[in-house]
Amino acid sequence: MVRPLERLLVRLPNWLGDALMSRPLLHALRAAHPAAELRAVGPRELVELLAAARVFDQGHPWPAGRSGRAALERTLRAWRPEAALVLPPSFSSALFARRCGAAVRVGFRHEARRALLTRALPRPARGDLHLSREYLLLGAELGAHAVPLPDLALPAGAAERAAALLAARGLAGRDCAVLGPGATYGPAKRWSAERFAALGRALAARGLAVLVCGAAAERATCAAVAEGLGPAALVLAGETDLAAQAALLARAAVAVCNDSGLAHLSAAVGTPTVTIFGSTSSAWTAPLGRRVRVVQHAPVCAPCFQRSCRIGTPCLEAVTVAGVGRAVDQVAA
Ligand code: SF4
């Protein structure tokens, strides 16, 4: 039996997908400690995205510079957190929790940070548990257990910004599909632009406008898909903030993405989502959502977790346009 907490700090993951896979933990903490003041620290866009669900009372953006971090540590030390959950595996995030003065500091053993944590749990082998379940192991140390997971709530104004963007491109009221052909991790997670384009043509033939989305750095990849797709395609890579991107996904009839933050965002808002996996493990990081299909043809070498492949990514070559099309039909049914 864990006594009710009054002040609880959570250091969020730094990546979009990981942060969305921490949602079950955040909802579990809220349910287990309804009277506690929960504060979360993480990248600004992720804190703002997750704040709409009211699973924490205050979010603190992670400051870029050393002086900003020292100021945040002073602020949180004055607040006197009783416990801190440290989700990133880094040494610096555990050090941050200790400098904030949390008496109980829970995280996984990693990077020689055991001495900084008061409860350093052994981490399961990659893929033995889904990452969201790993995070819940940390929460269980504070009496938090899984509760039903709602769809991700959209931040205020996000739906309006998405609608305005589509209206400005002549797509007001159009049914749309989203393609996410990027994956920052590397080419071993990226299905080919040609196949994304072929899939997009099939979706366009059903009367859908096809939004090709991603980060600004993925614009060239998205443009290559759009070029092969024709006039039904609209490239929106880098043209939205994260909240407006979530709202665009929430409007979509279906989204097809590589294993990327975009796939996790789509699944989280409840959109029918097909995710294509290459070198990574769907058992570990499949997107969480009500309507998700994973397409993965894992050869004996998978999952290798490599960013690029020396043998021509047969794991991705085996994923056909027809196979992904069938997954689209199943998830959208
Ligand atoms: S080594 Fe195997 S799993 Fe890894 S990227 Fe290449 S084909 Fe895919």
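Visitor: What share of the accessible surface of the chain belongs to carbon and sulfur atoms?
Guide: This is a predicted model. The accessible surface of its chain comes to about 14400 Å². Of that area, the share that belongs to carbon and sulfur atoms is 53%.

Visitor: What radius of gyration does the chain have, and what would a compact globule have?
Guide: The C-alpha atoms fill a box of roughly 60 × 45 × 35 Å along the principal axes. For 333 residues, a compact globule would have a radius of gyration near 20 Å. The chain agrees with this, as its own value is 20 Å.

Visitor: How many helices and strands are there in the chain, and what percentage of its residues count as buried?
Guide: The chain holds 14 helices and twelve strands. A residue counts as buried when its relative accessible area is under 20%. Of the 333 residues, the part that counts as buried is 51%.

Visitor: What percentage of the contacts with a separation of 6 or more comes from residues 24 or more positions apart?
Guide: A contact here means heavy atoms within 4.5 Å. Among the contacts in the chain with a separation of 6 or more, residues 24 or more positions apart account for 62%.

Visitor: How far apart are the centres of the positive and negative side chains?
Guide: The chain has 39 positive side chains and 23 negative ones. Each set has a centre, and the distance between the two centres is 5 Å.

Visitor: How many residues of domain 2 are in contact with domain 1?
Guide: Domain 1 covers 7–140 and domain 2 covers 158–332. Their centres, taken over C-alpha atoms, are separated by 29 Å. On the domain 1 side 17 residues are in contact with the other domain, and on the domain 2 side the number is 16.

Visitor: Which two residues are joined by a cis peptide bond?
Guide: One partner, P303, lies in the loop between β12 (292–295) and α13 (314–317). The omega of the bond is about -10°. The residues it joins are A302 and P303.

Visitor: Is T313 buried or exposed?
Guide: T313 lies in the loop between β12 and α13, and has a positive phi of about 45° although it is not a glycine. Leaving aside residues up to four places away in sequence, T313 touches P187 and A188. Its relative accessibility is 15%, and the cut-off is under 20%. T313 therefore counts as buried.

Visitor: Is R54 buried or exposed?
Guide: R54 is not a glycine, yet it has a positive phi of about 60°. R54 is found in the loop between α3 (44–51) and β3 (58–61). Because its relative accessibility is 67% and the cut-off is over 50%, R54 counts as exposed.

Visitor: Why is helix α11 described as largely enclosed by the rest of the structure?
Guide: Helix α11 spans residues 261–268. Its buried residues are L262, A263, H264, L265, S266, A267 and A268. Just after α11, G270 takes a positive phi of about 95°. The helix is largely enclosed because the number of its eight residues that are buried is seven.

Visitor: How many of the ten residues of helix α2 are buried?
Guide: Helix α2 covers residues 23–32 and is mostly covered. The buried residues are R23, P24, L25, L26, H27, A28, L29 and R30. Out of ten residues, the number buried is eight.

Visitor: What distance separates the C-alpha atoms of S92 and L117?
Guide: S92 is found in helix α5 (residues 91–99). S92 is partly exposed, with a relative accessible area of 44%. S92 and L117 are 25 residues apart along the chain, and the distance between their C-alpha atoms is 12 Å.

Visitor: Which residues does L208 touch, not counting those up to four places away in sequence?
Guide: L208 has its place in the loop between α8 (193–205) and β8 (209–212). With a relative accessible area of 13%, L208 is buried. The C-alpha atoms of L208 and G180, 28 residues apart along the chain, are separated by 15 Å. The residues L208 touches are R174, D175, C176, A177, L203 and A253.

Key. Residues are numbered from 1 along each chain as its sequence is written. This is a predicted model: local features need pLDDT of at least 70, side-chain atom pairs count only at pLDDT 80 or more; totals for chains, interfaces and linings use all residues. Side-chain values use heavy atoms; hydrogens and water are left out. Helices (H or I, at least four residues) and strands (E, at least two) are DSSP runs, numbered from the N terminus. The radius of gyration is taken over C-alpha atoms; the globule rule is 2.2 Å times the number of residues to the power 0.38. Buried means under 20% relative accessible area, exposed over 50%, partly exposed in between (1.4 Å probe, protein chains only). Accessible areas come from the Shrake-Rupley method with a 1.4 Å probe; for residues, only the protein chains shown count as cover. Lys and Arg count as positive and Asp and Glu as negative; His and the chain ends are not counted. The place of a charge is taken as NZ of Lys, CZ of Arg, CG of Asp or CD of Glu. Domain bounds come from an automatic or database domain assignment.
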